[in-house]
Structure formats: C-alpha cells, structure tokens
Amino acid sequence: MAKKTGLTRLLAGPRRLGRLSVVRITTYYLVAGLVLVLLTSLFPQNPVAPAGAAPTGMKEGVEWLRWKLAMLPAGAPRAVDACVQMAAALILVLPLAFTYVRTRTRLKYDRSLIQTVVMLPIVITAILVVVQDSLALAFSLAGIVAAVRFRNTLREAGDAVYIFGSIGIGFAAGIHAIDVAAALSLCFVALELTLWKINLGDEFDD
C-alpha cells in the first residue's frame, strides 16, 4: 500500500521548471523571430518598393532591406504564401506544446491534445488563406463545419485554453498578422509558466 501511494505521488507530483528550460525557450523565440523575419522578407505577399534611393529612418531601412532580400519582387504565389504562413503558425505554436508538457503531470498529460495543438493552427491558416477574400466560401465552410460534429472530453479545464491559443495563432497567421501571432504565443507561454510556477490558487486546494 505504501509502495502504491509513493508511486501515485511520483506520477502526480509537480514538475520543476529549471533555468535551462527558460534559456531554451528564450533562445527558441529569438531564433524563431529571425527565421520569421527572413521568411516574410524572402517571400513577401505584396511587396512595396521603398520610396527614395536611400533610407532615412529605421522603418524606411527595414522596408528597403525587405525589398532587397525579396526573392519574388512581384509577390509570392498563393501556394508559396500559404506555405510561409503555415510555417509561421507551426513555429509559433511549438512553444505552447512545450509549455503543456512541462506544466502537466503524467496523470493529467494528454498526448492527443499535443497533436491537436500543433496541427490545428496549420489547418486554420490554410483555411483562412482560401476563404479570406471570398464571402461565399466562408459561408460554405461554416455550413460544412456545422454539419460535422466534433466531440472530445478534455481531462483538464485548462486544456481548453491551449486549444483557444492554438486557434488564435492560426487565425493571426492566416490573415498575415504574424506579429500578432508571435505576441500571442510569447504572452501565452510567459503567463502560463508564471501561473504554474507560483501555483496560483494552490493554497485553496484543501
């Protein structure tokens, strides 16, 4: 009986967030930011030629650099643009999956949720790229989704927040608001790790 109780505590015990994990997350976001800037510069959707020969300010300098880096100055084709946005959604949703793994015990861990959180924004991004400029396609999609009923029981109420966060990243990437998707991903991970670290509400468990 004592052995079983000890095993249960081991499985249900809280995980620790070490300094190495924080360094890894910070490094990941820095590298991800550079990759996203490079992708959006190489394959711009609607590139705009910078006004003037020499940039005079920081904003003009960024626009001039993007114009020089653009591999497709006339604009990326729809398929290439969709791939860039889906890649951005994937890059920004991976920290959410890592946060879920770190903040859940083995008894509360749901592997299928990880797969859903990673795949959902990619699908949503592709859908928004298709229906973004077509009201008829948007209504048709709404009818198809209403006809298909999805049922899934989440182990924890907090798991639904990860689903909504994943959807938000997919929506932002689908409308080419990668900066909003990056801000959502960063704020979500920082706030979730902070709340988990300080055990907010843990004193009221008894």
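**Note on an eight-helix chain**

1. Among contacts in the chain (heavy atoms within 4.5 Å) between residues at least 6 apart in sequence, 82% join residues at least 24 apart. This is a predicted model, in which local features need pLDDT of at least 70 and side-chain atom pairs count only at pLDDT 80 or more, whereas totals for chains, interfaces and linings use all residues. Residues are numbered from 1 along each chain as its sequence is written, and side-chain values use heavy atoms, with hydrogens and water left out.

2. The chain has eight helices and zero strands, where helices (H or I, at least four residues) and strands (E, at least two) are DSSP runs numbered from the N terminus. Of its 206 residues, 29% are buried, a term that means under 20% relative accessible area, with over 50% counted as exposed and the range in between as partly exposed (1.4 Å probe, protein chains only). The accessible surface of the chain, from the Shrake-Rupley method with a 1.4 Å probe, comes to about 13600 Å², and 68% of this belongs to carbon and sulfur atoms.

3. The largest nonpolar core, meaning a set of buried Ala, Val, Leu, Ile, Met, Phe, Trp, Tyr and Cys residues joined through side-chain atoms within 4.5 Å, holds 26 residues, of which Leu36, Leu92, Leu96, Val117, Ile169 and Val189 touch the most other members. Two or more residues of this core come from each of α2 (19-42), α4 (78-103), α5 (111-131), α7 (159-174) and α8 (178-198), and α4 gives the most, with seven residues. Leu36 touches Ala88, Ile91, Leu92 and Ile178, if residues up to four places away in sequence are not counted.

4. How do α2 and α8 pack? Their angle is about 175 degrees and their axes are 12 Å apart, the axes being lines fitted to C-alpha atoms, for helices over the stretch in contact, and the angles running from 0 to 180 degrees between N-to-C directions. The two helices α2 and α8 are therefore roughly antiparallel to each other, a description used for angles over 145 degrees. In this contact, Ile25, Tyr29, Leu36 and Thr40 of α2 meet Ile178, Ser185, Leu186, Val189 and Leu193 of α8.

5. Thr103 lies in helix α4 and is buried, with a relative accessible area of 9%. Not counting residues up to four places away in sequence, Thr103 touches Tyr162, Glu192, Leu193 and Trp196. The C-alpha atoms of Thr103 and Leu195 are separated by 9.9 Å, although these residues are 92 apart along the chain.

Technical notes
Angles under 35 degrees count as roughly parallel, over 145 as roughly antiparallel, 65 to 115 as roughly perpendicular and the rest as oblique.
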